[in-house]
Each structure stands twice: as C-alpha cells, then as structure tokens.
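Here are my comments on the model you sent. Please read them with the structure open.

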Amino acid sequence: MDGKLSDILAEIRKTWSGLTGGGIACFMDGRQILGFDRRTKLPVEVQDAVDQGCEVDGYTYRGRQWWVVQSSAQETEQLRFVAWSKADEVESYRSLLETWMETLSFGLREEHLGKSLTEALVGAWDRLSFFYEFTHIVSRAVDLLDLMEAIIALLKKVIFVEDVFIVLCEEGEIRTLTASGQDLPDADLLLALIEDSAGPVSKRELKDSLVRADSKLVDCGDFLAARLTFDGQTNGMMGFIDALPGRFTANDIQLLASAADRVCSIIESMRSRMVWEERQRIERELEVAARIQASLLPDELPEIHGVDIAVYLQPARHVGGDIYASSRNQDGDPIMILADVAGKGIPAAILTSIVHGTFRGHAPFCEKPAELMKKIGRYIYQDLARADTFVTAIVLRCLQRERSFEYASAGHVDALLWRNENAEVEFLPATGIPLGIDSRYPYENRTVSLHPGDLVLVYSDGVTEAEDPQGKVLGLQGLSDIIYATHPARAVDQIRTLISGLEIHRQGLPARDDVALLMFRCIHEDDANRTVLPFVIDSDFTAVRSVVDLIRGLEDEQFDGGPLLDRQLLDDFALATSEILSNQIHHAFEEGTGRIEGRVVVEDNRLVTDLYDHGVPIPEPLHVSMFDGTEPPERGYGLMLAEGLLDTCEYRRIGGTRNHWRLIKNIHGVDKNEN
Amino acid sequence: MKIDIERPQEKKIVVIPRGRVDVQTAPTLKEKLRELVDSDGLTIIVDLQHVDFIDSSGLSALVSGLKTVRERGGTLHISQPQPQARTALRLTLLDRVFSIFPTLDQALDEGELQDS
C-alpha cells in the first residue's frame with residue numbers, strides 16, 4: 001500500500017480517536033487497510049453487517065455502540081469504515097464519519113479521471129482536516145456571524161481560491177461575508193439566479209443570465225455558488241471565486257455541496273438554540289423585574305386610626321402598568337396613589353417606576369392631592385410624551401380627625417363609595433385629565449366625608465373591564481353588586497372576594513389587563529361584635545358545597561368572646577343555606593348562569609346568611625310543601641327544611657332587579673323571635 | 001360519595017353511601033336504587049351510618065327509591081341515620097314514611113324497635 005495513504009488513514013484514526021475516544025477500521029476491497037490492532041477481530045454482528053453491505057447501521061457490543069459505515073459510491077473500489085465509541089458520542093460524529101467516507105471514496109473516483117490514488121487522497125485529506133476543524137469550530141461557537149467568518153477562513157485554508165463568500169438574508173437584508181473582506185458584486189442577483197438550483201452552480205452555467213443583467217460577475221474568472229436553505233426556504237448562499245477561468249473541478253463542487261449542507265444544519269440548530277436562550281434570558285430578566293416591582297409595593301399599609309385598609313396588585317404578565325404607593329404629606333397625613341399606565345408589560349412597568357419615584361419624592365412636600373398630582377404630572381410629562389403614552393391616577397389623602405378624605409383624579413376610572421347608612425353606591429368621578437396630556441393642567445381637589453361603615457374602593461380598569469367568554473364586561477354594576485354583599489367584611493376579605501368574583505366572571509379566561517384594588521373602610525361599632533365571611537359563587541350546584549364548607553368550617557374558628565358554635569348548629573345552618581342556594585340556582589337562573597354574592601355573618605346571638613342574585617324574581621308566596629306525612633312527594637323538601645331549621649327565612653326583591661334572601665338562626669339560649 | 005352494596009340475605013340489599021348525599025351526588029344514589037330493584041318483594045336498607053350530610057336532594061333520592069321498590073311489592077328502610085340526617089328526616093316528616101332503625105341488624109331483622 002502507498003505510504004502516503006497509510007499516513008492519511010493513520011491521521012483519520014488519530015482524529016477519530018481524539019474526537020470520540022473510540023476506534024476505527026477501514027477496509028478496501030475487503031482488505032483491512034487501517035485500524036484495529038491485528039489481534040482484534042470485529043464482532044460477528046458487525047462483520048455480518050459489513051458482509052451484507054449495509055450502508056450505515058449501529059450495534060451494541062460490550063456496552064459500546066458500533067457503527068458500520070460503508071461506501072456505496074463505487075462498485076469496484078469498495079471502501080468501508082467501521083468506527084466505534086461510547087454510544088452517546090458516536091451519533092453526533094456520525095455525519096463526520098460519513099463525510100470522510102464520501103470524500104475518500106470521491107478521491108478514489110477522481111483516480112479514474114487520470115490522477116493517482118495517492119494524489120487524490122492527499123487532496124482529500126485537506127478536506128478531511130477541514131471537516132475535523134469544522135466540527136471543533138462549531139462546538140465552540142457562540143455567535144452565528146463569528147462562526148460564519150471562521151468557516152470562511154477555514155475554507156480559504158483548504159482550497160486555494162481567490163475568495164470565499166457566505167451571503168445571508170435576514171428580514172430582507174442581505175449580509176455578505178468574504179474571506180478577503182471585499183464586497184461580492186451583485187450578490188442579490190446571484191442569489192436570485194441560483195435560488196432553485198439543486199447543487200452548486202458555476203459561472204459557465206449562469207453566463208448568459210449574467211451578461212443579460214450586465215453583471216460585474218461576468219468579469220471574474222470563475223465562481224461556484226451553492227444556496228443555503230434553512231427555515232424552509234433559500235436564505236443565503238456560499239461559494240468560491242477565482243481569477244482563473246474554469247478553475248473549479250468536480251472535487252470542489254463536492255466540497256462546496258458538503259460544506260453548504262453542513263452550514264445550513266448549523267445555522268438551523270444554532271438559531272433554534274439562540275431563540276431558546278434568548279427566551280430563557282428574557283424570562284430571567286422578567287422574573288427579576290417582577291421581583292423589583294413587587295418590592296415597590298410597601299409591605300405595610302398606612303395605619304390610619306378608625307380605617308381598615310387593604311390593597312391588591314396583579315399584573316396580567318410578569319410586570320404590569322398598575323401601581324400603588326403610599327407616603328405621608330407635609331402634615332403627616334397618609335397619602336396614597338393608585339395609577340394605571342396605558343399599555344402593559346415592560347414599557348408600562350418602567351413608567352410605573354417613574355410614577356412611583358415621583359410620588360415618593362414629592363409627597364412629603366405637598367399638602368393636598370391636587371397639588372401633588374400637578375407636580376407628578378409636570379415631572380413625568382416629558383417621559384410620557386417620549387413614550388407616547390399617558391397615565392391615569394388617583395391620589396387620596398386621609399384626614400383622620402375630620403373623618404373624611406380628599407382626592408384628585410387624573411382621568412382615572414370612577415372610584416366607588418359605599419354609603420353604609422342607606423346601602424347605596426356613589427361614584428367619585430375624575431377631577432382632571434390623564435397625566436401626560438397637558439403638563440400644566442390644574443387638577444382639583446374633592447373632599448368626601450365618611451361615616452362608620454362607609455367604604456371607598458379605588459381600582460384600575462382591568463377590574464371593571466374584565467370580560468367573560470361572551471365578551472361581557474364585569475362593569476361598575478358587577479363591582480357594585482359584589483360590594484353590596486361583601487361590604488361589612490374586613491377590607492382584606494372583601495378584596496379577596498372581589499378577586500374570586502373577577503375569576504368567576506372570566507370563567508377561566510386569563511386576565512387580559514393588570515388588576516389593582518385599593519380599599520379603605522371606616523370601622524363601624526358593630527364590627528367588634530361580628531365576623532363577616534363574604535363569598536361569590538357561580539350559579540352552579542357544585543358551588544353550593546363551598547358555602548356549606550365555609551359554614552361547617554366555622555367550628556374550627558376561634559372567635560374572641562364570640563358564641564360557641566357547635567357542630568349540630570352549624571350543620572343545621574349549612575343545610576338551610578344550601579337549600580336556599582340550590583333553590584336560588586334552580587329558580588333564578590333557569591336559563592343560563594349567573595353569579596350569587598353573599599355573606600355569612602357570625603354575631604353574638606345568631607348566624608345570618610345574606611344571598612343576592614340578579615336572576616328572575618321568585619314567585620310569591622313561597623311554596624312550602626304541603627306534605628302531611630302520608631304520601632310523600634319526590635321533590636319539594638328544600639324549603640321545608642330551611643323553614644324548619646331557621647328562625648327567619650325571608651325573601652325580598654330589591655329595586656326590581658335583585659333577589660335577596662336573609663336566613664337567620666338564633667344561637668341557643670336566645671329568644672327565637674329576636675332578629 | 002361512594003356507594004357500597006351488600007346482599008346479606010336473599011331479597012335483602014344493603015346500600016351504604018359514604019360522605020355527602022347532596023345536590024351533586026344524590027342523582028347517583030337515585031340511579032343506583034333504581035338499578036337494584038330488579039325483582040319483586042325486595043327489602044332495601046339504606047344504611048346512613050357514613051353519611052355526614054344529606055340535603056333535600058338526598059331525601060328526594062330516598063323517596064324515589066322507596067316508590068320504585070314499593071311498585072314491585074318491596075320496601076325500603078333506613079338504618080343508623082346520623083344527627084344531621086335525623087333532623088332532616090324529622091323536619092320533612094319523612095320519619096313517618098320510612099321505617100328507621102338504630103342498627104343495621106335491627107333493620108335486617110325488621111325488628112319492632114323503631115327510632116324516630
């Protein structure tokens with residue numbers, strides 16, 4: 001055997017062993033020309049595979065994967081590789097093995113064109129080392145363009161041509177990389193000409209088209225170009241240019257085709273990796289941003305004598321455009337802001353930080369909300385103008401001594417004021433335009449007096465504009481309905497119920513907008529003597545259980561100085577409540593579904609459930625079953641049970657739109673007729 | 001709710017629901033009772049020992065079962081109702097309709113001792 005050939009094959013073995021830690025054997029016409037230690041024999045299965053002439057196959061032998069790669073390019077000069085390594089590595093190098101195979105066998109074919117076998121193989125070796133280095137470059141690359149440049153430099157090293165180029169199209173832009181650093185003339189034309197070609201195309205094949213287009217490429221000696229197809233379409237090309245006409249041989253065409261294939265698969269895998277990494281990076285940054293934004297929400301709400309206060313913020317995405325902050329004004333009065341930056345996500349979140357910082361910075365030097373709003377508006381005007389957005393905000397100042405509060409609202413949605421005395425909702429309109437429209441807008445203050453049990457709810461439009469699957473918004477009406485049932489509860493419990501009401505309204509749809517809620521409520525003297533558990537449920541029989549559980553769960557609750565709630569009492573009350581709820585669902589929502597709001601109130605001497613719905617009115621008088629104990633009807637025991645278990649079971653229609661049930665169970669030892 | 005069925009004697013079937021018999025689960029009990037009445041003269045005993053909550057839908061299911069079994073010359077008794085079920089049966093006057101036994105054995109023997 002030729003000394004040069006055995007050197008090359010020895011290099012192949014060294015390279016393979018360096019890459020995979022495994023071994024390799026090469027056979028030509030059935031003769032082993034490279035490989036194994038002479039004492040080693042191929043496993044029978046592998047030998048069989050070689051004998052059967054399989055092209056590529058894998059076997060496991062003694063815990064290792066064996067690959068048989070056999071050339072099918074030529075019938076007379078059969079060449080085979082048998083390579084092995086640890087199973088998880090060999091698969092990734094399989095294509096390298098195939099490329100060696102192709103190149104070697106191609107070198108052998110070239111021999112028929114008049115070159116000696118040795119020369120062909122020496123030429124082939126340059127290409128083999130190209131692919132070896134190629135593999136190494138790819139494994140180290142982090143940037144696509146760097147990688148393309150490295151590939152160009154490598155190609156330039158193994159093929160003696162004037163220039164090597166890679167052209168990539170991205171979003172309509174053509175980017176050309178060349179080994180020489182010089183531009184490739186008429187790259188777009190060339191790309192268009194080879195767009196549908198099967199393999200590399202030379203100048204000779206395109207000459208007529210180039211002449212017609214009066215292209216500068218006509219002046220070059222020769223070129224060879226192969227298209228790069230990835231993401232399902234031709235997105236670039238690569239090739240060689242040389243001054244010598246007719247410079248490129250079949251061997252070069254083979255090399256370019258292999259290299260182009262390889263470049264395409266690298267670009268695809270690299271891009272998917274980069275997209276994934278980019279997503280991961282954004283995800284990580286968003287998590288950090290969400291933590292930062294969450295930390296802006298003060299853990300401690302302002303302590304205001306006689307006022308119960310709660311707040312809730314939930315961005316629709318990681319970070320949001322709604323913000324709440326609190327501070328003290330120059331007189332030491334608590335002052336709060338709830339703002340909603342138009343838009344969502346990161347741009348909105350950045351602006352909320354500016355609003356937050358501005359509020360914190362100016363609040364201690366202002367007296368009234370309107371004054372502070374003016375300052376904030378003036379300060380952030382430029383930022384908002386640059387971002388082409390606006391902010392709605394409401395600033396509130398609590399006047400503890402006068403039992404009142406002042407507010408200024410920059411185009412914010414109407415705040416809701418629950419008047420306890422007459423059980424009515426009032427709305428607090430904006431006192432000016434949104435921030436970011438007029439830097440000198442004169443905002444006005446409005447003062448609102450409060451009475452015990454009164455409640456103020458400030459919220460963002462993500463609450464009232466929450467949509468159900470039919471596109472119906474919760475609206476001010478829905479919000480008021482919930483407050484109607486929840487209002488005597490602690491602010492934190494009311495907020496929690498509002499959130500579940502929103503979720504029920506959305507019926508499983510994700511929130512499309514940020515949600516912010518700020519509630520403060522004037523403490524009522526009765527608060528000390530009662531525990532209020534508000535709830536909102538879907539008008540669905542399965543939801544009845546949650547209310548039953550709420551009532552039965554009271555057995556485990558400890559009420560300071562409250563009544564002793566025994567199991568029997570709670571079971572009776574839960575049963576009565578569930579019967580009325582089932583009745584309500586059955587009658588009020590015969591067609592379609594609705595929402596039932598309610599509350600369970602534990603007082604010193606009684607249990608009370610109030611239930612509200614907007615369904616059709618219950619026909620009066622209530623029909624309690626006339627069953628006398630002889631022939632039992634199959635239905636109609638519900639009201640009988642409720643009447644029998646309760647001390648009071650009242651129904652009324654409120655305002656022609658709303659059903660209200662009041663259920664009362666006196667606690668043992670208390671006069672049954674006392675309500 | 002889980003329902004166990006036992007057949008300790010010929011023509012006697014013990015139905016043992018467990019958990020809540022309410023608006024959600026009562027239809028299952030009703031259907032089960034209907035299925036079991038496949039011959040004449042059966043005695044079905046619904047043992048309520050493991051039912052900690054029954055509502056009017058549950059009571060309706062029992063009444064429905066009673067009617068079904070009666071149509072074929074059988075009867076339906078109740079055994080071991082817990083306090084909550086006892087109250088529900090009393091308030092709806094259904095304790096006058098069903099024979100209610102404090103133990104399952106008594107129900108099986110159809111003893112004279114009735115618990116109201």
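The points below cover confidence, one helix pair and the contact between chains.

1. This is a predicted model, where local features need pLDDT of at least 70, side-chain atom pairs count only at pLDDT 80 or more, and totals for chains, interfaces and linings use all residues. Residues are numbered from 1 along each chain as its sequence is written, with chains lettered from A and ligands numbered from 1 in the order in which they are written.

2. Confidence first. Chain A averages a pLDDT (the predictor's confidence in each residue, from 0 to 100) of 80, and 76% of the residues score at least 70. Residues 36–40 of chain A fall below 50. Residues 72–76 of chain A also stay under 50. Where pLDDT is low, the predicted coordinates should not be read in detail.

3. Now a helix pair. Helices are DSSP runs of H or I, at least four residues, numbered from the N terminus. H12(A), residues 475–486, packs on H13(A), residues 491–506, at about 140 degrees, with the axes 10 Å apart. The two are therefore oblique to each other (neither under 35 degrees, over 145, nor 65 to 115).

4. Which residues of H12(A) meet H13(A)? They are A:Gly478, A:Ile482 and A:Thr486. Among their partners in H13(A) are A:Leu498 and A:Gly501.

5. Finally, the chain contact. Contact means C-beta atoms, placed from the backbone, within 7 Å. Chain A gives 22 residues and chain B gives 19. On the chain A side, H14, H15 and H16 each give two or more residues. The largest share, 7 residues, comes from H15(A).

Notes: Two residues are in contact if their C-beta atoms, placed from the backbone, lie within 7 Å. Axes are lines fitted to C-alpha atoms, for helices over the stretch in contact, and angles run from 0 to 180 degrees between N-to-C directions.
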